Amino acid sequence: EELKLAMSQSFSMDELYARGEKVYQTNCVACHGPTGAGGVGPSLIGSSITTGPMGGHLSLMINGVQGSAMQAFGEQLNNIDMAAVITYKRNAWGNNTGDEVQAKEVSEARNK
């Protein structure tokens, strides 16, 4: 029920960023590091994914990258958490894109 309600609402940048930071710490930090500078996975600072077209970032997070360590999070993260973590990555560590992703956009990307 919470998810259904949330799909129709918009979250502020602050709400998305705070939630996204938690999702990042749980799901992404092992490969991309606590500062986004990389490790097992590539750096997210100024990367073509985190600062490039939104469609590419959504697709990568939902579907992963075949033949790499980047797993698909489409089955693991709900639309709100996916929107939050993408918003976080696009605005953390100097990636000041100003982009806010909402759950509705994630849902639309999943259905493409």
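This passage walks through the nonpolar core, the aromatic pairs and the cysteines of a predicted model.

The core comes first. The largest nonpolar core takes in 26 residues. Seen from inside that core, the residues with the most contacts are L58, M61, L77, M82, V85, I86 and V101. Four helices each give two or more residues to it: helix 2 (13–27), helix 4 (54–63), helix 5 (79–91) and helix 6 (103–110). Helix 5 puts in the largest share, with 7 residues.

V101 is a handy place to look at how this core is put together. Leaving aside residues up to four places away in sequence, V101 touches L16, M54, L58, A83, I86, T87 and V106. Two of these partners, L58 and I86, turn up again among the residues with the most contacts inside the core.

Next come the aromatic rings. Searching the whole structure turns up 4 aromatic pairs. In one of them, the ring centres of Y24 and Y88 sit 5.6 Å apart with the planes at 50°, so this pair counts as tilted. The pair ties together distant parts of the chain, as Y24 belongs to helix 2 and Y88 to helix 5, with their positions 64 residues apart. Both tyrosines are buried. Y88 also pairs with W93: here the centres are 5.3 Å apart and the planes stand at 80°, so the arrangement is edge-to-face. That angle clears the cut-off for the label, which is over 60 degrees. As for its surroundings, Y88 has a relative accessible area of just 3% and therefore counts as buried, the limit being under 20%. Taken together, ring pairs join Y17, Y24, Y88 and W93 into a cluster.

That leaves the cysteines. A search of the whole structure comes back with 0 disulfides. C28 is in no disulfide, and the nearest cysteine sulfur to it, which belongs to C31, lies 8.7 Å away. For C31 the story reads the other way round: C31 is in no disulfide either, and its nearest cysteine sulfur is that of C28, at 8.7 Å. A disulfide would call for sulfur atoms within 2.5 Å. How do the two residues sit with respect to the surface? C28 has 5% relative accessibility, so C28 counts as buried. C31, at 29% relative accessibility, counts as partly exposed.

Terms used:
Residues numbered from 1 in each chain as written. Predicted model: local features only at pLDDT ≥ 70, side-chain atom pairs only at ≥ 80, totals over all residues. Heavy atoms only, no water. Core = buried A, V, L, I, M, F, W, Y, C linked by side-chain atoms within 4.5 Å. Buried < 20%, exposed > 50% of the residue type's maximum accessible area, 1.4 Å probe, protein only. Contact = heavy atoms within 4.5 Å. Phe/Tyr/Trp six-rings, centres within 6.5 Å; stacked < 30°, edge-to-face > 60°.
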